[in-house]
Amino acid sequence: MRVTILGASSGIGRPAHTTSFLLDDNTLIDCGTGVGSLEVAQLLRIERVLLTHSHLDHCGFLPLLADVHAGHNGPGITVHSQQATLNAVKQHLFNGVIWPDYTTTPSAEAPYVRLQPLEVGDTVALSGGMATALPAAHSIPAIGWLIEGEWRALAFSGDTGPCPAFWQWISQVPSLSDVLCEITYDDDHLEQARRYGHMAPSLLAPLLDPLPPAAHLWVSHLDPGEEPRMMQHIRAILPPHLLVEQLKAGVTMEL
Ligand SMILES: [Zn+2]
Ligand SMILES: [Zn+2]
């Protein structure tokens with residue numbers, strides 16, 4: 001399975017885009033502004049979105065993606081996430097006020113946006129493997145995703161503060177090669193990190209012990225413009241043996 005990062009930042013400001021990853025050509029993890037880089041033909045091949053949570057930087061382009069399917073007679077999209085997240089998406093995005101309710105259009109039986117609830121531990125079959133919903137600890141209901149391809153596996157934390165269950169879970173995955181983890185705050189803002197359910201380097205460092213030694217850590221959710229300073233800060237605090245890189249649009253992985 002091929003993974004293409006379309007965006008992995010916490011905000012916008014060229015060249016940054018917010019979170020959206022393309023799995024092969026038919027599945028998205030999150031639907032932030034990164035998805036706007038795809039051409040119409042590519043957008044029409046998207047069959048499903050694995051959504052971590054309902055914050056706008058992760059789901060804000062979902063209405064526009066649905067609109068492409070509606071406008072071009074596309075097959076529509078299935079959105080997989082927790083019930084609370086799907087309720088928020090329906091109530092605040094597809095509410096008939098700020099955007100048409102594509103969860104009931106063109107018909108309630110076969111809408112352009114199909115909301116498919118799941119719980120932590122549930123799986124979604126993908127064309128090139130399998131996705132499993134993972135625990136997370138954010139300011140609102142949120143999940144991460146484990147993506148298992150034919151040879152390797154990737155774990156994405158979504159937006160989360162320290163969540164030992166996430167790290168315990170992924171440490172049991174023998175094929176784990178890449179961990180995509182958010183670090184939103186530096187260590188001068190630990191209080192904000194705790195309050196808003198985000199990670200800072202010294203909150204993450206103690207959780208990394210169970211990781212396989214060869215696993216590659218990719219840092220997501222950095223503030224546009226702050227990346228060089230943050231990466232220097234992060235590398236100074238995380239264990240020196242760890243392979244740590246910034247996750248950004250254009251990065252690809254083969255699982
Ligand atoms: Zn976010
Ligand atoms: Zn968030």
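Donors are N, O and S atoms within 2.8 Å of the metal (3.2 Å for Na, K and Ca), and sites may look incomplete, since water is not among the atoms. The model is predicted, with local features requiring pLDDT of at least 70 and side-chain atom pairs counting only at pLDDT 80 or more, while totals for chains, interfaces and linings use all residues. Residues are numbered from 1 along each chain as its sequence is written, chains are lettered from A and ligands numbered from 1 in the order in which they are written, and side-chain values use heavy atoms, with hydrogens and water left out.

**View 1. Coordination of the zinc ion (ligand 2) by H53, H55, H138 and D159.** The donor atoms are NE2 of H53, ND1 of H55, NE2 of H138 and OD of D159, at 2.2 to 2.4 Å. Because the angles between these four donor atoms run from 90 to 161 degrees, the arrangement is irregular; four donors would count as tetrahedral if all angles lay between 85 and 135 degrees, or as square planar if opposite donors were over 155 degrees apart and all others between 65 and 115. Along the sequence the donor residues follow the spacing H-x1-H-x82-H-x20-D.

**View 2. D159 as a bridge between the zinc ion (ligand 2) and the zinc ion (ligand 1).** The two ions lie 3.7 Å apart. H138 belongs to the loop between strand 8 (129–135) and strand 9 (143–148), and D159 to the loop between strand 10 (153–156) and helix 5 (164–171), so the pair ties together parts 21 residues apart in sequence; helices (H or I, at least four residues) and strands (E, at least two) are DSSP runs, numbered from the N terminus. H138 is buried at 14% relative accessibility and D159 at 2%, where buried means under 20% relative accessible area, exposed over 50% and partly exposed in between (1.4 Å probe, protein chains only).

**View 3. Surroundings of T85 in helix 4 (residues 83–92).** T85 is buried, with 1% relative accessibility. Leaving aside residues up to four places away in sequence, T85 is in contact (heavy atoms within 4.5 Å) with L51, T52, H53, S54 and P141, and H53 is also one of the donor residues of the zinc ion (ligand 2).

**View 4. Cysteines C31 and C163, neither of them in a disulfide.** With a disulfide taken as a pair of cysteine sulfur atoms within 2.5 Å, the count is zero. For C31 the nearest cysteine sulfur, that of C59, is 8.2 Å away, and C31 is buried at 0% relative accessibility. For C163 the nearest is that of C181, 10 Å away, and C163 is likewise buried, at 8%.

Note on methods:
Four donors count as tetrahedral if all angles lie between 85 and 135 degrees; four count as square planar and six as octahedral if opposite donors are over 155 degrees apart and all others between 65 and 115; anything else is irregular.
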